[in-house]
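Here are my notes on the model you sent. Please read them with the structure open.

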Amino acid sequence: MPTKSRRFIELKNKLEPGKIYNVDEAFQLVKELATAKFDETIEAAVKLGIDPKQSDQQIRGTVSLPHGIGKQVRVLVFAQGEKASEAQAAGADYVGGEELVEKIQSGWFEFESAIATPDMMRVVGRLGKVLGPKGLIPNAKVGTVTFDIAQAVKEIKAGRLEIRNDRYGNIHLPIGKASFEVNQLQDNFFALLESIVRMKPASAKGRYVRNIAIASTMSPGLKLDVNSTLARMEKRIA
């Protein structure tokens, strides 16, 4: 079991045990706790009342964060000919076909997102066991298998994230950097939460959003009050 650092323990001791925070308190505090020597990532974790074993209760989609995530996303595109040229012009970091498949099979993973044209999926399919567990396999449902390559690259570069539950029914995604203003972090957070709520499966029973927490890379998590947070979200939508 990993040992917590002295710094982490000191930060945790500053928090009131078991306290549930409202949105404004939590986002102000998460910035204050981000005291590392680098610009820490702020992440949100949402526990959902779904059964991940049921195929009709899988959460899968995308969200475009209004302020991005403060990080340059490296995009790999599987394409040929004209579509490869479009990908390069749109700012893709890596573009190719068979040679990229071989490179990835050899253990290379210097990218955070992968896109493919439909005709290239016969090649990309060989990487299912490698990219699948990492959530990097292109998928038409989330717009990463498409002939509109330029648009897909631009959206991902601008801050579009894939929303996907893990095997425990959790969604865990970055929403910005500690250097962001509080209002920017909140805008990104609510954009993510609104998307998750819209994706609620019809077959999900009981309470859908069960727990919400935010944390910076090197600090303890802050648990948010679910009811007041959802109410705040609904007010923003109205």
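The points below cover a sheet, the helices beside it, one serine and one further helix.

1. Status. This is a predicted model. Please keep that in view throughout.

2. The sheet. Four strands form an open sheet in the order β7-β1-β8-β9, and the pairing is antiparallel. Its edges are β7 (170-177) and β9 (222-224), each of which pairs on one side only. From one strand to the next, the twist averages 25°.

3. The β1-β8 pair. Strand β1 spans residues 41-48 and pairs with β8 through seven bridges, in the antiparallel sense. Strand β8 covers residues 209-216. Within this pairing, look at Ile 42: Ser 216 of β8 stands opposite.

4. Helix α2 on the sheet. Helix α2 (residues 23-33) packs on the sheet. The strands it touches are β1, β7, β8 and β9. Its direction makes about 165° with that of β9.

5. Helix α9. This helix takes in residues 226-237 and lies across β8 and β9. Relative to β8, helix α9 runs at about 85°.

6. Ser 216: buried or exposed? Ser 216 has a relative accessible area of 3%. The cut-off for buried is under 20%, so Ser 216 counts as buried. This serine belongs to strand β8.

7. Polar partners of Ser 216. Which side chains make polar contacts with that of Ser 216? One is Glu 40, with a side-chain to side-chain contact of 2.8 Å. Another is Ser 219, where the side chains are joined by a polar contact of 2.6 Å.

8. Wider surroundings of Ser 216. Leaving aside residues up to four places away in sequence, Ser 216 touches Val 30, Ala 34, Glu 40, Thr 41 and Ile 42. Glu 40 is thus a name to note twice, as it also makes the 2.8 Å polar contact. Ile 42 recurs too, as the residue standing opposite Ser 216.

9. Helix α4. Which residues of α4 (residues 98-105) are buried? They are Leu 100, Val 101 and Ile 104. Viewed down the axis of α4, these residues fall within an arc of 105°, so they line one face of the helix.

10. What α4 packs against. The buried residues of α4 pack against two strands and two helices: β3 (75-78) and β4 (94-96), then α5 (121-124) and α6 (128-131).

11. The end of α4. Please check the backbone at Gly 107. This glycine comes just after α4 and takes a positive phi of about 105°.

Technical notes:
Residues numbered from 1 in each chain as written. Predicted model: local features only at pLDDT ≥ 70, side-chain atom pairs only at ≥ 80, totals over all residues. Heavy atoms only, no water. Buried < 20%, exposed > 50% of the residue type's maximum accessible area, 1.4 Å probe, protein only. Arc of directions from axis to C-beta. Contact = heavy atoms within 4.5 Å. Polar contact = N/O pair within 3.5 Å; in protein donor to acceptor, adjacent residues only side chain to side chain. Pairing = 2+ DSSP bridges. Axes fitted to C-alpha atoms, helices over the stretch in contact; angles between N-to-C directions.
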